2 protein chains.
Amino acid sequence: MSARPHSQRHGPADGARWAEHARASLERAGFRRGGARRAVIEVLAAEPCALSALDIDERLSADRRRVGRASVYRALEQLTELELVHRLDLGSETARYERVEPGGEHHHHMVCDDCGKVLPFEDAGIERAVTKVTGGAGFEVRDHEIVLHGACESCR
Amino acid sequence: MSARPHSQRHGPADGARWAEHARASLERAGFRRGGARRAVIEVLAAEPCALSALDIDERLSADRRRVGRASVYRALEQLTELELVHRLDLGSETARYERVEPGGEHHHHMVCDDCGKVLPFEDAGIERAVTKVTGGAGFEVRDHEIVLHGACESCR
DNA sequence: ATGACTGCAAAGCCTTTGCACGCAA
DNA sequence: TTGCGTGCAAAGGCTTTGCAGTCAT
């Protein structure tokens, strides 16, 4: 069984759809429209995988959008709370964030321990195995995170 | 399939065996004997699962062992480097550490998102599925980390 | 007009680094 | 005696909080 790159199954339209979904959810939750939050949503919509808060801040600066770093963190916290974004800890010292697809499909991550690169992958076998663990040991599983460590193609 | 608590398969002797193994590895690697490092090893030997640097520092204080926090971090770094200890990121803001069993057996973690409790579990099905992913996408998998999020028995 | 949203700056926390002393070899 | 190991204190880096001005409603 081989892992298939996530990008082969999801087109650029997913990002726009997610952004729309996110804005609607925020409005439904009683949030007002705000430039900073909207800007963060746009950055996350454009990148389907694992951005750090600093990454987001940098992309906003590159786009000439003056957004305070605190606002980035606040937006990420709110989006995470509404489960529109997933917060990940991939072993590096800084947290990373990525959008949650409305459809429920999701991916996991391979982290190159040499260069730090993060690659998404999906694998039906693992998903199946994880599902079977649900409910064991009196613990109610609601979510899971899988990280493969190793060396990427160019580093090994 | 149900997850089996890790403790049912490993007795208290494992810790002592690991400590011995760790000391020998350090000596072989050219390290001198030092009180702080030895103290950290003893704490890790007594607890098979997921301690933060602060946890370790607290246990040392409780044992009247005056060890600087910097020394704890330095010891953990060295032990991690020699692969005697695994550094984990379980979603909380702080890193956690646990000993690596010489035999190769290992466990993963369930994290209660309500109370923060960390529970170890092992599951052959997941291990098998992860093994099959190895080598996919040009990435060489050397290690993996699986975290189940949800609610523990007393919180759900 | 009201209070949510934001940017800036300051504060917090975990972790790392600098430095001089002490101890292993 | 040599220089690794350690403790203490200071510095770093990411993240959160306080606060006053701004903007959506």
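This is a friendly chat about a predicted model with chains A and B.

Reader: Hi! Where should I start: how many residues does each chain give to the contact?

Author: Welcome! Chain A gives 39 residues to the contact, and chain B gives 39 residues.

Reader: And what area is buried between chain A and chain B?

Author: About 3,300 Å² is buried between chain A and chain B, and carbon and sulfur atoms give 62% of that. On the side of chain A, the residues that lose the most area to chain B are V133(A), F139(A) and H149(A), which together make up 19% of what that side buries.

Reader: Nice. Which elements of chain A touch chain B?

Author: Those that give two or more residues are β5 (108-112), β6 (118-122), α5 (124-133) and β7 (140-151) of chain A. The largest share comes from β7(A), with 12 residues.

Reader: How do the residues on that side divide into nonpolar, polar and charged?

Author: The side of chain A that touches chain B has 19 nonpolar residues, nine polar ones and 11 charged ones.

Reader: So how many salt bridges cross the interface of chain A and chain B?

Author: The rule finds zero salt bridges there. It does find 10 residue pairs in polar contact across the interface of chain A and chain B, with both residues at pLDDT 80 or more.

Reader: Back to β7(A) for a second. What does it pair with in chain B?

Author: With strand β7 (residues 140-151) of chain B: the two run antiparallel and share 11 bridges. As an example, A151(A) has E140(B) as its bridge partner in β7(B).

Reader: Cool. New topic: what is the strand order in the three-stranded sheet of chain B?

Author: The order is β2-β4-β3, in an open sheet with antiparallel pairing. At the edges stand β2 (51-52) and β3 (85-88) of chain B; each has a single partner strand, so one side of each is left without a neighbour in the sheet.

Reader: And how many bridges join β3(B) to β4 of chain B?

Author: Four bridges, with β3(B) and strand β4 (residues 96-99) of chain B running antiparallel. Within that pairing, L88(B) has R96(B) as its bridge partner in β4(B).

Reader: Which helix lies across those strands?

Author: That is helix α2 (residues 35-46) of chain B, which lies across β2, β3 and β4 of chain B and runs at about 80° to β4(B).

Reader: What about chain A, what order do the strands take in its three-stranded sheet?

Author: Chain A has an open antiparallel sheet in the order β2-β4-β3. Its edge strands, β2 (51-52) and β3 (85-88) of chain A, each pair on one side only. Four bridges link β3(A) with strand β4 (residues 96-99) of chain A, and V85(A) stands opposite R99(A) in β4(A). Helix α2 (residues 35-46) of chain A packs on this sheet, touching β2, β3 and β4 of chain A, and its direction makes about 80° with that of β4(A).

Reader: You mentioned R96(B) earlier. Which side chain does it meet in a salt bridge?

Author: R96(B) meets D55(B), at 3.7 Å from N to O. R96(B) is in strand β4 of chain B and D55(B) is in helix α3 (residues 53-62) of chain B, so the pair ties together parts that are 41 residues apart in sequence.

Reader: How many salt bridges are there over all chains?

Author: The count comes to 18 over all chains.

Reader: Last one! What do β5(B) and β6(B) form?

Author: They form a hairpin with five residues between them, and G116(B) in the turn has a positive phi of about 85°. Strands β5 (residues 108-112) and β6 (residues 118-122) of chain B run antiparallel and are joined by four bridges. In β6(B), V118(B) is the bridge partner of V111(B).

Conventions:
Residues are numbered from 1 along each chain as its sequence is written. Chains are lettered from A and ligands numbered from 1 in the order in which they are written. This is a predicted model: local features need pLDDT of at least 70, side-chain atom pairs count only at pLDDT 80 or more; totals for chains, interfaces and linings use all residues. Side-chain values use heavy atoms; hydrogens and water are left out. Contact means heavy atoms within 4.5 Å. Buried area is the accessible area (1.4 Å probe) that two parts lose on being put together, summed over both. A salt bridge is a side-chain nitrogen of Lys or Arg within 4 Å of a carboxyl oxygen of Asp or Glu. A polar contact is a pair of N or O atoms within 3.5 Å; within protein, one must be able to donate a hydrogen and the other to accept it, and residues adjacent in sequence count only if both atoms are side-chain atoms. Ala, Val, Leu, Ile, Met, Phe, Trp, Tyr, Cys and Pro count as nonpolar, Asp, Glu, Lys and Arg as charged, and the others, Gly among them, as polar. Two strands pair if DSSP finds at least two bridges between them. Axes are lines fitted to C-alpha atoms, for helices over the stretch in contact, and angles run from 0 to 180 degrees between N-to-C directions.
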